[in-house]
Each structure stands twice: as C-alpha cells, then as structure tokens.
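Trainee: Could you take me through one part of this protein closely, starting with a charge that sits over a ring and then working outward? Please keep it in plain words and tell me what each term means.

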Amino acid sequence: MNKKATALLAATLMLGTILVGCGNKNSDSSKGTKHTVALVTDGGGIDDKSFNQSAWEGMKAWGDQHDLKKGVNGYNYAQSNSDSDFTPNVNKLVKAKYQTIFGIGYKLAPVIEKTSKQNPDTNFAIIDDVIKGRKNVASVTFKTEQSSFLAGVAAAKTTKTNKVGFVGGIKSDVITTFEKGYIQGVHAVDPKIKVDVKYVGSFTKADVGNSLASAMYNNGEDVIFHAAGGSGSGVFTAAKDKSKNGQKVWVIGVDQDQKADGKYKGGNVTLASAVKEVGNSVKDLSNKAMKGKFPGGKVVTYQLKDKGVDLIDDNMSSATKDAVQQYKDKIINGDIKVKAE
C-alpha cells in the first residue's frame, strides 16, 4: 500500500507539473504583442500650445486608454528642432521598431514618403498632407477652411473698426486653407470688412509674430486670427500688451483651445479658438492600427460634421455665438460650401 501510494503521489505531482507548464505557455501566448506608436514633431515641439502639442496629448491619451507607458514598449516622440532633424528622427523611431509612426505636419511628407518605401512593414501617417501610392501610409487631412470660416464669422461679428487681421506661419497650401476660409467667413457677414493678411515665414518665431500683430493692432485691426504655430504666442503677447494699455483687441487661437494663452491680470484676449482635432486623429488611427485596420493608402479627412474641426467659444458674445452656430449648421447641412483656396 505504501508503494502504491508513493507511486500515485509521484504520478499526481508529475501531472500537476505538466498542467502548470501548459498553463504558463497559454498565459504567455495570450498576452500577444502590444501595438507601439510614435510621432515626429515639426519645429513647433510638443509644448507649442498648438499643432504638435495636440498630437502628443492625443497620443498620451491613447496610451492611457490601453495602459501603455512612454517608451519603446508603448508610445513616444522625437523632437525636431529644425528641418534637418526630420530624417534622423524618423529613422531613429524605425530602428526602435515602433509599429506606427506619425509625421506631424506637411513638412515631414518627403521624409515619410522615402522612409515608407524602405520600410514597407511599418505603418506611417502624415498629418496635413497627402502621400499617394504607398500602401503603408495613411494621409490625414482636415477641413480647416470650415473652422476658419467660423473664425471669420466670429471676427466680423466682434470687430468695432471693420478691420481684422490674419497672421500665418509659413505660406503653404495647408495654411492657405485657414486664410481663405477666414476671409470667406468675414465677408459672409459683411463684405465691406477689410482683412489684412501677414505671414511670419516661420512657425517658431514668436518675436516676429509679436511685431506683425503689434503693427496690425496699431493700424486699427481689433481682431487677429493666427495660424502660426509657436509664432502665434507672439500674437497673444501683442494683444495682451495692447489690452493692458486700454486698447480692446482680440485673438482667435488655432489647433487647440488657446483660452489660457490669452489670460492676463484683468482679462483675457482669446475670443475663440479654431480647433483642429489632431489629437483625435492620432488616437483614431492608433486604434485602427492596433486592431489591424490601419487605413494605409487612403486619405482620411476630418471635418465639422464629425467634430474633426470646430470653433470653441472662449469669450464670444451671445449674439456672436448664435451667428456662429447658424453658419455652422449651414456648413454641416451643405447649404454653404467653404472653399479651401
């Protein structure tokens, strides 16, 4: 009986060991491989309070949603201080084996196009441009002319001088959509309002943005819409300086809600913000890639009707808000077609 009991115990222990081993194997295989994503900024950086920051905040939110951390096993970014950083930054993320890589801004399109050919198994997304003929590249565009149109309506309903301004970063097809949409919105309310247009020539020169905006405010333009990235912080500085000295002027922010940028002791100069939900697009495409549904080879466009762009009320009057909503409804319903050029 003792021999039989010993044999039975040994057999039981052996079977238990086999089951535990099988259990560990199944547990490991069920974990799978988590999807990893990263982005490359343009010159603005992830703290530009605009385009790049919106993208990075969207990526962080996506990471939190899936319990991922910053790093090679989750999500990350590469900061570009100049255009010469684009290629090494993209290559660095490829070598780190990130599965989906975002180029934030049209200036990265040539690098993304070239690198995507060399790395067909990596997903790439270009924000604000279109790359054709690449099955592993998703092109992300926004109907920014629609939110800019609403910015124009807000400016036209707010101005007391019938003179408003636009400050752009670098003149390009992308920034032109902001300019043209804005002018259409202003003139939809009152074609007699004058729109002054200036370009900084950079997305990172706040001092030039300040100088241009100061001159425009001195010229009697009391509302300025900026689409200038980091250079736009100079527009806010100019507006706050004027307001502190008793001149009532406004700024319309861009890409994300810039109400905080307009705050100063005694008031706030941010009238509204024409937001581009870059962060939402990053989250959307990252989720699609994780599920094996990355829209490579396609152009994905976000607009007013799907909340890809919008105008955020920061300090608009009730009458201005009502007017903006009326025009917004007309755009969504197709009664107004906003031209991008």
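Mentor: Sure, let's begin at Tyr327: the charged end of Lys330 sits over the ring of Tyr327, 5.4 Å from its centre. (That label needs NZ of Lys or CZ of Arg within 6 Å of the ring centre and within 35 degrees of the ring normal.) Keep in mind that this is a predicted model, where local features need pLDDT of at least 70 and side-chain atom pairs count only at pLDDT 80 or more, while totals for chains, interfaces and linings use all residues. Residues are numbered from 1 along each chain as its sequence is written, and side-chain values use heavy atoms, with hydrogens and water left out.

Lys248 does a similar job elsewhere: its charged end is placed over the ring of Trp250, 4.2 Å from the ring centre.

Now back to Tyr327, which has a ring partner too. The structure holds nine aromatic pairs (rings of Phe, Tyr and Trp, with the six-membered ring for Trp, whose centres lie within 6.5 Å; planes under 30 degrees apart are stacked, over 60 edge-to-face, the rest tilted). One of them joins Tyr327 to Phe149, and this pair is tilted, with 5.8 Å from centre to centre and 55° between the planes. Phe149 belongs to helix H5 and Tyr327 to helix H10, so to speak two distant parts of the chain, 178 residues apart, get linked here. (Helices, H or I with at least four residues, and strands, E with at least two, are DSSP runs numbered from the N terminus.) Both Phe149 and Tyr327 are buried (under 20% relative accessible area; exposed is over 50%, partly exposed in between, using a 1.4 Å probe and protein chains only).

For contrast, look at Phe166 and Tyr199: their ring centres are 6.0 Å apart and their planes meet at 65°, so this pair is edge-to-face. Phe166 is in strand E6 (residues 163-168) and Tyr199 in strand E7 (residues 194-199), so this pair ties together parts 33 residues apart in sequence. Phe166 counts as buried because its relative accessibility is 0%. There's a bigger picture as well: ring pairs join Phe166, Phe178, Tyr182, Tyr199 and Phe225 into a cluster.

H5 and H10 turn up again at an opening. The second largest pocket has a volume of about 180 Å³, and its lining includes Lys143, Glu145, Gln146, Gln303, Ile331, Ile332 and Asn333. H5 and H10 (318-333) are the elements that give two or more residues to that lining, and H10 gives the most, three residues. (On a 1 Å grid over the protein atoms alone, a pocket is an open set of points with protein on both sides within 12 Å along at least five of seven lines, a cavity is a set where a 1.4 Å probe fits but cannot get out, and lining residues have an atom within 4 Å of a point. Points are joined across faces, edges and corners, and a volume is the space filled by probe spheres set on them.)

H10 also shows its outside: Ala319 sits in this helix and counts as exposed, at 51% relative accessibility. Ala319 is 128 residues from Pro191 in sequence and 19 Å from it in space, C-alpha to C-alpha.

H5 contributes to the largest pocket too. That pocket holds about 320 Å³ of space. It is lined by 15 residues, and Asp128, Thr141, Phe142, Val174 and Thr177 are the closest to its centre. Strand E5 (137-142), H5 (144-158) and helix H6 (173-189) each supply at least two lining residues, with H6 giving the most, three.

Follow H6 and you reach a closed space. One cavity of 30 Å³ or more is counted, and the largest cavity has a volume of about 200 Å³. Among its 20 lining residues, the closest to the centre are Asp42, Phe51, Ile175, Phe203 and Asp255. Helix H2 (51-65), H6 and strand E9 (250-255) each supply at least two residues of that lining, and the largest share, three, comes from H6.

Last stop, Leu285 in helix H9 (residues 278-290). Leu285 is buried, with a relative accessible area of 0%. Beyond its neighbours within four places in sequence, Leu285 is in contact with Phe102, Ala125, Ala138, Val140, Phe294, Pro295 and Tyr302 (contact means heavy atoms within 4.5 Å). Val300 is 15 residues from Leu285 in sequence and 9.4 Å from it in space, C-alpha to C-alpha.
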